[in-house]
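Reader: I am new to this structure and should be grateful for a close look at a single part of it. Please begin with the paired charges where one chain touches another, and then follow the theme of pairing and burial outward from there.

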Amino acid sequence: MTIRKPDISSNICGIKSPNPFWLASAPPTNSGYQVRRAFEAGWGGAVWKTLTHEPIVNVSSRYGAVDYDGRKVLGLNNIELITDRTLDVNLKEVREVKKDFPNHAVIVSLMVDSKREVWHDIVKKVEDTGCDGLELNFGCPHGMSERGMGSAVGQVPEYTEMVTSWVKEVAKTPVLVKLTPNITDVRHVGRAAKRGGADGISLINTINSIMGVDLNTLAPRPQVAGRGSHGGYCGPAVKPIALNMVQSIAADKEIQLPISGIGGIQAWQDAVEFLLLGATTVQVCTAVMHYGYRIVETMISGLENWMREKGYAKISDFQGATVAKVGDWADLDLSYKVVAEIDQNKCIHCGLCYIACEDGAHQSIRMTTITEEEFAKRNGNGGPASVEFSGGKRVISGSGDGRVNIFEIKQDTCVGCNMCSLVCPVSNCITMVERESGLPKMSWRQYTEKLAKGEVEKIQPPVHV
Amino acid sequence: MAKTQLGQEQLEENFADLHPNYTRDEAVVEASRCLFCFDAPCTRACPTHIDVPKFIRQILHDNPIGSAETIFSSNIFGGSCARACPTEVLCEGACVDRAMLKEPVQIGRLQRYATDYAAAREIRFFEPGKDTGKKVAVVGAGPAGLSCAHELRKAGHAVTVFEARDIPGGLNTIGIAAYKISTEFALSELKPILEMGIDLKLSSPVNAAGIADLLKNYDAVFLGIGLGATSRLEIPGEETPGVWEGLDFVFQSHTGPYDECEVGKHVVVIGAGNTAVDCATEAVRLGAEKVTIAYRRSQKEMTAYDYEYELAKADGIHFEWHASPVQFLEKDGRLCGVKFQRVALVGEGREAKLQPVPGGDFVIECDMAVKALGQLPFTELLTAVKGLKVEKGRLIVDRKTGATGVAGLYAGGDCISKGAEIVNAVQEGKIAAWAINDYVKSKGK
């Protein structure tokens with residue numbers, strides 16, 4: 001197959017962009033200066049930081065981060081509000097940017113008081129700039145929600161439907177409704193948006209959060225004069241929550257609207273996952289706040305090369321391909337069986353698989369201690385744990401006190417939970433291998449039916465220590 | 001040969017820390033590399049079995065004091081070992097990251113970060129135990145003796161330590177290159193140990209009769225007497241001014257200010273162990289123009305660790321392999337060179353025989369020669385004590401308890417190992433202290 005440059009252009013409810021990578025409505029899209037630089041860096045679209053009639057007043061400080069054992073900003077939250085610039089300045093800059101970047105998607109995020117005429121007014125003013133579409137911010141969980149806006153609307157399906165319909169009464173460009181994850185089932189609000197006439201859905205907005213406590217001052221983080229407030233949580237740590245919500249909207253039979261996926265995207269792989277689970281475009285914020293606009297280059301290149309490798313010529317070739325692969329637990333195949341296998345030639349003898357299984361999972365890894373002599377005999381010199389000498393002393397990594405721990409899976413009790421393979425630091429050292437379970441292929445739903453009819457034997461519980 | 005020609009400032013720079021301490025951020029980044037292994041190889045490889053993953057995780061989680069407590073609980077010389085341990089053949093050699101990333105976690109430097117942090121704040125982790133009424137004599141205030149004494153004080157026994165030198169700490173204080181362990185640091189690490197209520201008697205050598213007296217007057221005795229003088233070459237000219245013993249050469253950088261240290265213009269170090277590297281690298285730091293390490297065997301057989309060899313090479317030290325010294329040459333009453341015989345190795349490894357290469361004699365001109373040949377055991381002293389056995393230069397003890405053949409007499413450190421690391425001495429002191437504790441407690445019953 002000839003390898004050519006895949007087409008990564010996007011079209012979401014009529015809004016076109018040269019690639020599916022948009023900037024989310026957030027600090028990186030606060031001004032014309034920034035959006036220009038973003039487009040020059042390669043971003044396909046930008047959702048302008050939420051406009052309103054009167055600029056808001058912000059506090060200082062505003063952001064907090066979650067670090068994890070040396071890695072910075074796995075999660076980020078903020079208590080910053082929507083735009084603090086005047087509507088006139090914003091509209092002027094939106095107009096100029098759109099004029100200079102006709103092929104890029106310029107979407108404007110909106111949030112005003114829940115009054116019909118107020119919404120009508122801003123929609124008309126904003127669309128006059130020539131922007132490509134609108135995004136209704138029904139998700140912001142802090143500050144604005146206390147004033148009856150943002151997630152205060154998005155948490156009530158009736159409000160969502162009502163305000164969406166007001167906007168649709170006058171809007172000429174496509175309207176995306178941005179949903180909050182701070183609800184029990186996002187589909188109810190998604191259906192309300194659909195009823196209100198939304199053209200597409202954006203999700204997720206940020207999650208209610210307290211980032212932590214300063215252990216010196218005992219103030220919450222981020223702090224404002226020693227006090228804090230719940231803020232909106234985002235960043236790589238929220239991706240799985242976002243993926244779940246995107247898929248549930250994509251799979252919903254009532255909604256059937258295109259999706260702009262948001263939540264923790266920092267690498268091209270994240271973006272592809274959103275596309276596979278039903279998104280048409282993706283929006284990024286935290287990773288840009290962390291590293292700058294330049295990250296889009298590696299996202300585009302990663303997406304293109306993955307598509308090339310998989311033989312996809314355009315995004316629609318794979319978009320949504322994983323949506324139908326997610327379903328109820330009750331429909332999963334009970335006869336499917338995998339067990340872990342450890343490649344002894346790759347093992348570095350850290351014991352992490354063993355202790356994870358022993359204390360945290362299903363006690364199915366055997367630890368055997370052998371002498372260095374025996375180990376050297378088994379391994380030879382070479383492989384990961386090679387035998388070295390220094391000053392006449394023998395050194396073997398993974399060995400101490402003259403002995404080496406060897407780890408093996410107890411094949412008869414391994415339940416195939418994956419845990420050991422998840423904690424193993426070596427690539428492809430622990431793999432999950434398919435095994436014959438001896439059971440007929442059936443789901444739990446089918447099993448309970450067959451069991452009731454006496455067509456199958458009861459599945460015996462696994463052996464525990 | 002004369003005093004160093006270098007100025008104080010240059011000398012201070014030359015003898016500055018080999019590895020400066022980590023900052024907090026450097027330590028956390030390095031700590032984050034640790035996989036937190038289960039039944040960790042590094043911990044098993046450490047002779048004192050410091051819980052390495054635990055102390056590294058404590059650094060990672062911004063608890064350097066807790067980390068230091070973890071370290072000192074296993075090894076009261078944790079700061080010294082952080083500086084001088086051959087980590088490449090101990091904890092870091094065992095590190096699984098060496099297999100995966102070809103680079104071990106820098107355990108030694110992390111250990112130093114934690115121990116220095118606590119030391120700078122003068123944190124005290126241990127208390128003397130409730131007085132047991134038992135008293136133990138310790139001979140030798142080196143790492144073995146003081147580790148033993150510290151452990152015994154934790155158990156509540158009264159401890160008197162007899163030290164022949166006028167400075168405590170043994171080779172840990174004065175026997176390791178000063179750019180690795182400074183005298184000042186070594187003495188500061190002894191402070192909390194001595195504060196446990198150890199009665200330290202300096203300049204108090206103990207002879208065989210003395211040992212017998214101690215056995216009478218104390219409930220138990222621990223011998224941590226180390227080793228004695230450097231081995232002799234027994235070749236002509238060995239008494240020529242300018243011929244030094246290796247440890248004396250290192251001592252001077254600890255006992256006097258650097259600008260009082262003597263060094264030659266051309267220095268020849270004989271031997272290729274770790275002390276030889278210490279001597280050679282110190283000679284360079286003191287301003288020697290040319291330093292040569294001469295060794296009878298080849299690089300393959302040298303007993304200096306690879307890491308030490310790299311240090312020496314980085315210092316521009318020359319190596320003369322297969323060179324067996326035959327005579328120290330004298331001119332006007334001073335050393336002017338060392339005559340060597342080129343030898344070939346016949347056979348394999350360290351058992352190989354040395355065979356002179358015909359016509360292969362040559363002279364290396366020098367004004368200082370340092371014999372770094374390892375130390376001799378105190379055989380005479382030890383064998384004068386009835387019941388003690390010395391074999392191949394080692395005082396024989398039960399390795400599980402440190403017990404000698406004499407009831408109540410225990411030993412550890414270089415006198416039982418014929419020269420090992422600080423960390424080995426610390427562990428042997430600990431092991432003996434536990435056995436002594438059992439012994440003195442059972443004695444009263």
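Author: A salt bridge is a side-chain nitrogen of Lys or Arg within 4 Å of a carboxyl oxygen of Asp or Glu. Side chains of opposite charge can pair when their charged atoms come close. The model is predicted, so local features need pLDDT of at least 70 and side-chain atom pairs count only at pLDDT 80 or more, while totals for chains, interfaces and linings use all residues. Residues are numbered from 1 along each chain as its sequence is written, chains are lettered from A and ligands numbered from 1 in the order in which they are written, and side-chain values use heavy atoms, with hydrogens and water left out.

Between chain B and chain A the count is 1 salt bridge. Arg98(B) forms a salt bridge with Glu388(A), and the closest N and O atoms are 2.8 Å apart. The interface also holds 11 residue pairs in polar contact, both residues being at pLDDT 80 or more. A polar contact is a pair of N or O atoms within 3.5 Å; within protein, one must be able to donate a hydrogen and the other to accept it, and residues adjacent in sequence count only if both atoms are side-chain atoms.

On the side of chain B that touches chain A, helix H3 (41-45), helix H4 (52-60), helix H7 (91-94) and helix H8 (96-101) of chain B each supply at least two residues. Helices (H or I, at least four residues) and strands (E, at least two) are DSSP runs, numbered from the N terminus. The largest share of this side of chain B, 4 residues, comes from H8(B). By type, the residues of this side divide into 17 nonpolar, 5 polar and 6 charged; here Ala, Val, Leu, Ile, Met, Phe, Trp, Tyr, Cys and Pro count as nonpolar, Asp, Glu, Lys and Arg as charged, and the others, Gly among them, as polar.

With contact taken as heavy atoms within 4.5 Å, 28 residues of chain B are in contact with 31 residues of chain A. The area buried between chain B and chain A is about 2200 Å², and carbon and sulfur atoms give 56% of this area. Buried area is the accessible area (1.4 Å probe) that two parts lose on being put together, summed over both. Phe38(B), Arg44(B) and Arg98(B) supply 31% of the area that chain B buries against chain A, more than any other three residues.

Beyond the interface, a search of the whole structure finds 54 salt bridges over all chains. In chain A, Lys98(A) forms a salt bridge with Asp132(A), the closest N and O atoms lying 2.7 Å apart. Lys98(A) lies in helix H2 (residues 87-100) of chain A and Asp132(A) in the loop between helix H3 (116-127) and strand E8 (133-137) of chain A, so the pair ties together parts that are 34 residues apart in sequence. Buried means under 20% relative accessible area, exposed over 50%, and partly exposed in between (1.4 Å probe, protein chains only). Lys98(A) counts as buried because its relative accessibility is 9%, whereas Asp132(A), at 22%, is partly exposed.

A further salt bridge of chain A joins Arg394(A) to Glu372(A), with 2.8 Å between the closest N and O atoms. Arg394(A) is in strand E20 (residues 393-396) of chain A and Glu372(A) in helix H12 (residues 372-379) of chain A, so the pair ties together parts 22 residues apart in sequence. Arg394(A) is partly exposed at 32% relative accessible area, while Glu372(A) is buried at 11%.

In chain B, Glu238(B) forms a salt bridge with Arg232(B), the closest N and O atoms being 3.6 Å apart. Glu238(B) is buried at 5% relative accessibility, and Arg232(B) is partly exposed at 42%. Salt bridges that share partners join Arg232(B), Glu234(B), Glu238(B), Glu239(B) and Lys371(B) into one network.

Another charged residue of chain B, Glu282(B), is found in helix H15 (residues 274-285) of that chain. Glu282(B) counts as buried because its relative accessible area is 0%. The side chain of Glu282(B) reaches the backbone nitrogen of Ala178(B) at 2.7 Å. Leaving aside residues up to four places away in sequence, the residues that Glu282(B) touches include Phe15(B), Tyr179(B) and Phe249(B).
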